[in-house]
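Grab a pencil and open the viewer. Here are some exercises, each with a solution worked through in steps.

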Amino acid sequence: MIKKMKNSRSSMRARVIAMSMMGMLLSGGLVGLLPNTVEAGDENNAVNNDTVVLRVCNWEEYIDLGEWEEDEVIDLDNGDIFGENPLYEDFEEWYFENYGVKVEVEYSCFGTNEELYNMLTIGDVYDLVCPSDYMIMKLMSEDKLVQYSDSFFDADNEENYYVRGASPFIQQAFEENEINGEAWKNYAACYMWGVTGMLYNPEEVPREDAMTWQILNNPDYCRQVTVKDNVRDTMFAGLGALKSELLLSEEFVSSDDYSLRLKDEMNDVSEETLDVLQNYLQQVRKNAYSFESDSGKADMITGKVLANLQWSGDAVYAMDQAEEDDYYLEFAIPYECTNLWFDGWVMLKSGIGESAAKKQAAEAFVNYLSMPENAVRNMYYIGYTSAITGGEYDDTVFQYIDWTYSAEEDEDPENLVEYNVGYYFTGEEDNEDYVICTTEDQTRRQLYAQYPPKDAIDRSAIMWYFDADANARVNQMWINVRCFNAKSIPVWLWVVIGAAFAAAIYIIVRTKLINRSK
């Protein structure tokens with residue numbers, strides 16, 4: 001048992017729920033009811049009566065909305081943390097106190113990256129949005145983003161909580177990855193991050209089976225595995241399974257350019273690879289219980305299935321919920337590789353425009369969410385892992401992790417292990433200042449999912465943004481997997497189908513002629 005359980009309200013992204021709701025709005029012709037649809041560049045909408053209007057769009061249930069119960073106070077050495085109001089409302093008060101300017105946050109939500117992009121395409125205007133890595137790349141490539149100001153990266157400014165407190169691991173990733181020669185960090189500030197893996201029932205599934213993507217098509221778990229109804233996540237897992245022998249080979253793993261080669265292999269969208277992948281995923285579809293969007297957690301919690309391709313944050317949520325019924329699930333990050341993903345805050349040209357007031361408010365909003373106590377509030381409420389560690393300035397986030405996952409004082413010493421998260425907090429893998437004394441099972445459960453060990457991060461790869469031609473190939477492959485693939489039907493079967501169709505027409509026509517003659 002872990003020392004303190006997360007709030008039972010800690011939720012998954014709920015992306016599919018949001019997508020369905022938004023889809024109903026759009027299909028019902030209610031686009032006009034969606035907030036923040038204004039003319040781009042209209043300064044009257046940016047500042048009204050000396051009040052800056054900041055239009056923010058984020059994933060559903062992806063920020064602390066407050067209204068915590070009285071017994072939910074997080075009591076750390078650095079002080080108590082409690083969520084009474086939505087964070088974006090608290091920001092309004094904080095901004096006025098610190099900048100002497102009133103700001104009004106118009107907060108909206110979206111369901112998927114594609115939905116956000118479509119919302120922007122049809123004319124919805126926002127100042128600050130929080131898409132995932134590949135959509136950030138797409139918006140960068142289309143020159144739709146505003147750069148963060150130089151002052152935002154001034155680490156000597158105590159109010160620049162993001163640059164002072166974001167994980168070195170995260171900051172390095174955002175500095176090293178580029179689009180058209182521009183580093184991500186110039187346009188995006190990381191908000192939450194995680195990996196993909198397999199959530200599984202350890203009573204029925206040996207960990208060795210869950211530690212490989214090949215479990216998706218393992219006949220031992222026929223109709224007992226669920227797969228994401230999401231082309232990028234399932235494609236990545238499928239590639240990991242198909243290339244398992246290569247990815248685990250000593251020559252590949254020990255190569256000097258391992259990380260680069262891994263990224264190339266896991267972003268292989270050549271026609272030849274996609275043909276093989278399509279055939280493999282069609283077999284996975286036959287083996288799987290379902291391709292699911294949001295039901296996988298519930299199916300695992302109720303025991304309907306034994307394993308589920310899952311995001312780390314949703315895996316934490318499922319493990320928390322199952323544990324309330326004394327039902328224990330575990331999380332595995334496959335040996336082959338894992339998909340490292342990020343969600344980040346970006347400023348849009350269509351909203352920010354040339355308004356210095358709005359840009360200042362947007363950057364301040366990111367910094368406010370990056371305050372260690374607010375990062376804790378968000379992690380507690382939504383169950384995902386913040387990019388914020390507090391750096392050398394503040395150890396509140398580490399205190400929270402220790403508060404959440406350290407073992408009870410009366411725990412059997414033989415069941416205790418040391419779990420080092422130093423690489424994430426300082427960049428130093430064996431930093432003894434960031435060791436959590438926890439139970440042995442946490443090396444396979446919530447702590448492992450939220451803060452994967454260094455060796456798991458070393459075998460991670462970011463799935464890239466594909467150009468139009470590659471996207472077309474990927475989407476067609478997915479359509480063939482999820483829907484009807486005419487090419488998969490042999491010629492002889494087409495002949496049978498044609499003959500049956502012709503016979504049916506003949507019978508219908510003959511019947512009509514007979515009826516007319518009567």
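**Exercise 1: a cluster of rings**

Which residues do ring pairs link into a cluster?

*Solution.* Keep in mind that you're working with a predicted model.
- Step 1: start with the total. Searching the whole structure turns up 38 aromatic pairs.
- Step 2: follow the ring pairs that join up. They link Tyr62, Phe91, Trp94, Tyr95, Tyr99, Tyr191, Trp341, Trp345, Phe365, Tyr368 and Tyr384 into a cluster.

**Exercise 2: stacked or edge-to-face?**

Work out how the rings of Tyr88 and Tyr107 are arranged, then do the job again for Phe252 and Tyr258.

*Solution.*
- Step 1: take Tyr88 and Tyr107. Their ring centres are 4.4 Å apart and the planes sit at 10°, so this pair is stacked, since planes under 30 degrees apart count that way.
- Step 2: find the two along the chain. Tyr88 belongs to helix α3 and Tyr107 to strand β5 (residues 102-110), and 19 residues separate them.
- Step 3: check burial, with under 20% relative accessible area as the cut-off. Tyr88 comes out at 16%, so it is buried. Tyr107 has 18%, so it is buried as well.
- Step 4: move to Phe252 and Tyr258. Here the centres are 5.6 Å apart with 80° between the planes, and the pair is edge-to-face. Both Phe252 and Tyr258 are buried.

**Exercise 3: one face of a helix**

Find the buried residues of helix α12 and explain why they line one face.

*Solution.*
- Step 1: list them. In α12 (residues 258-266), the buried ones are Tyr258, Leu262 and Met266.
- Step 2: look down the axis of α12. The buried residues fall within an arc of 55°, so they line one face of the helix.
- Step 3: recall the general rule. An α-helix has 3.6 residues a turn, so residues three or four places apart point the same way.
- Step 4: see what that face meets. The buried residues of α12 pack against α9 (231-242), α10 (244-248), α11 (250-253), α22 (454-458) and β19 (460-461).

**Exercise 4: charges that pair up**

How many salt bridges does a search of the whole structure find? Pick out a few and say where the partners sit.

*Solution.*
- Step 1: the search finds 22 salt bridges.
- Step 2: try Asp90 and Arg377, whose closest N and O atoms are 3.0 Å apart. Asp90 is in helix α3 (residues 87-99) and Arg377 in helix α18 (residues 372-382), so the pair ties together parts 287 residues apart in sequence. Both Asp90 and Arg377 are buried.
- Step 3: now Glu142 and Lys144, again with 3.0 Å between the closest N and O atoms. Glu142 has 28% relative accessibility, so it counts as partly exposed. Lys144, at 31%, counts as partly exposed too.

**Exercise 5: follow Arg207**

Trace the partners of Arg207, starting from its salt bridge with Glu330.

*Solution.*
- Step 1: the side chains of Arg207 and Glu330 meet at 4.0 Å, N to O. Glu330 is in strand β14 (residues 330-332) and Arg207 in helix α8 (residues 207-210), 123 residues apart.
- Step 2: compare burial. Glu330 is buried at 8% relative accessible area, whereas Arg207 is partly exposed at 22%.
- Step 3: widen the view. A network of salt bridges links Arg207, Glu330, Glu440 and Arg444.
- Step 4: look for a ring. Arg207 lies over the face of Tyr448, 5.1 Å from the ring centre.

Terms used: Residues numbered from 1 in each chain as written. Predicted model: local features only at pLDDT ≥ 70, side-chain atom pairs only at ≥ 80, totals over all residues. Heavy atoms only, no water. Buried < 20%, exposed > 50% of the residue type's maximum accessible area, 1.4 Å probe, protein only. Helix = DSSP H or I, 4+ residues; strand = E, 2+ residues; numbered from the N terminus. Arc of directions from axis to C-beta. Contact = heavy atoms within 4.5 Å. Phe/Tyr/Trp six-rings, centres within 6.5 Å; stacked < 30°, edge-to-face > 60°. Lys NZ or Arg CZ within 6 Å of the ring centre and 35° of its normal.
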